[in-house]
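Biologist: Pick one part of this model for a close look, please, and then work outward from there. I'd like one connected account rather than a list.

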Amino acid sequence: MKRQLILEDGTVFVGKGFGADTELKGEVVFNTGMTGYQEILSDPSYCGQIVTLTYPLIGNYGMNRDDFESITPAIHGLIVKEIELEPSHWKNEESLHTFLEARGIPGLHGIDTRKLTRLIREHGTLRGRICSMEVDPIEMAAELKNSGWQHDQVETVSVRDAYHAPGKGERIVLVDFGMKHGILQSLIERQCDVVVVPYDTSAEEILRLRPDGILLSNGPGNPEDVPQAIQMIQDLLGKVPIFGICLGHQLLALASGATTSKLRFGHRGSNHPVREIATGKIDITAQNHGFTVDKDSLPNTRLVMTHEAVNDGTVEGLKHLDYPAFSVQYHPEASPGPQDASYLFDAFLQMVATEKQPV
């Protein structure tokens, strides 16, 4: 069945539908990962977005119960060059098509994903909609252009109520802004006693949990859309060690007086090189973000840049000069992607242990 992707600038891509026979709009982005489509489509950081995968063949190893980063995918569509409807893998439990169909998520295949990616790289991310062929492209493009951007993604994907993942190690409060399960798993593997709390939990409520450390998770959207989290972090700085990942990194920066801005097309993939400034060491990292901390705003803060993106020089890591707090823009838990940066969880726990030692 033919379907079309209509973009706000009037560009139309005609292909074939898969997944659910529904129509959803979203910000059209691209991910350059060669594998890991199950983790990508279940990453809450893609809430409200239509994800284009640049690798040409998707779905060949199917879907399984083990590789989800959230229970309920929040993407608004998936675009691929070619879809495999009959996957072959020992862990396969269902095809990508039937998985998306059951969850009301539309897909589109058979279009030139290279052309779409070049368009996004040149003009920036665009609002789009996967539609039936009956929809008028001119009318839809005008509607998309005037529709505005979504601002409630974190509220949409954050856990509603706190829950406990018991462990015998350090008590870590994990603030869920759209947390990937890989972050929680990384803490559990290190025997942490984890309490996951909603994005709008106050500093007072967090301190009542007697945490040894606080981890600010990844999440979708503009960090400025979560002002209550910025206030919470400000109230916690200096009281408990803090580690921020992705959106958590941006929120720590805002709480410390820095600014953030939207990237033209973002960083999304499993092969982004990051340089540690102090040593020159390069890590290949997994990334998924559309906003960045403004480098020129850092001199007005007590933050220093610890890591930078090799490709474009953007801020990839920060450390607070006065308090035990640091953050990275990339994903040390990967899921999917390389494990080069997983040592950062150990660095966080070492910081926690150091802060607990009596003076």
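Modeller: Let's start with Cys-246, which sits in the loop between strand 14 and helix 9 (247-255). Helices here are DSSP runs of H or I with at least four residues, strands are runs of E with at least two, and both are numbered from the N terminus. Bear in mind that this is a predicted model, where local features need pLDDT of at least 70, side-chain atom pairs count only at pLDDT 80 or more, and totals for chains, interfaces and linings use all residues. Residues are numbered from 1 along each chain as its sequence is written, and side-chain values use heavy atoms, with hydrogens and water left out.

Back to the loop: Cys-246 isn't a glycine, yet its phi is positive, at about 60°. Cys-246 is also buried, with a relative accessible area of just 1%; buried means under 20%, exposed over 50% and partly exposed in between, with a 1.4 Å probe and protein chains only.

Gln-191 makes a nice contrast. Its phi is positive too, about 65°, and it comes just after helix 6, in the loop between helix 6 and strand 12. But Gln-191 counts as partly exposed, at 48% relative accessibility.

Helix 6 itself (residues 181-189) has Gly-182, Ile-183, Leu-184, Ser-186 and Leu-187 buried. Among the elements covering those residues are strand 14 (242-245), strand 12 (193-198), strand 13 (213-216) and helix 10 (343-356), going by contacts, meaning heavy atoms within 4.5 Å. As background, an α-helix has 3.6 residues a turn, so residues three or four places apart point the same way.

Helix 10 turns up again in a salt bridge between the side chains of Asp-212 and Lys-356 (3.7 Å, N to O). Asp-212 lies in the loop between helix 7 (203-208) and strand 13 and Lys-356 in helix 10, so this pair ties together parts 144 residues apart in sequence. Lys-356 is partly exposed, with a relative accessible area of 47%. A salt bridge here is a side-chain nitrogen of Lys or Arg within 4 Å of a carboxyl oxygen of Asp or Glu, and the structure holds 16 of them.

Leading into helix 10, the loop from strand 19 (325-328) contains Pro-336. That proline is joined to Ser-335 by a cis peptide bond, with omega about 5°.

Strand 15 has salt bridges worth a look as well. Lys-262 meets Glu-27 side chain to side chain (2.9 Å, N to O). Lys-262 is in strand 15 (residues 260-276) and Glu-27 in strand 3 (residues 25-31), so to speak a link between distant parts, 235 residues apart. Glu-27 is buried at 12% relative accessible area, whereas Lys-262 is partly exposed at 39%.

Further along, Arg-275 and Glu-308 pair up in another salt bridge (2.9 Å, N to O). This one links strand 15 to strand 17 (residues 303-309), across 33 residues. Arg-275 counts as partly exposed at 29% relative accessibility, and Glu-308 as buried at 19%. Elsewhere, salt bridges that share partners join Arg-65, Asp-66 and Lys-91 into one network.
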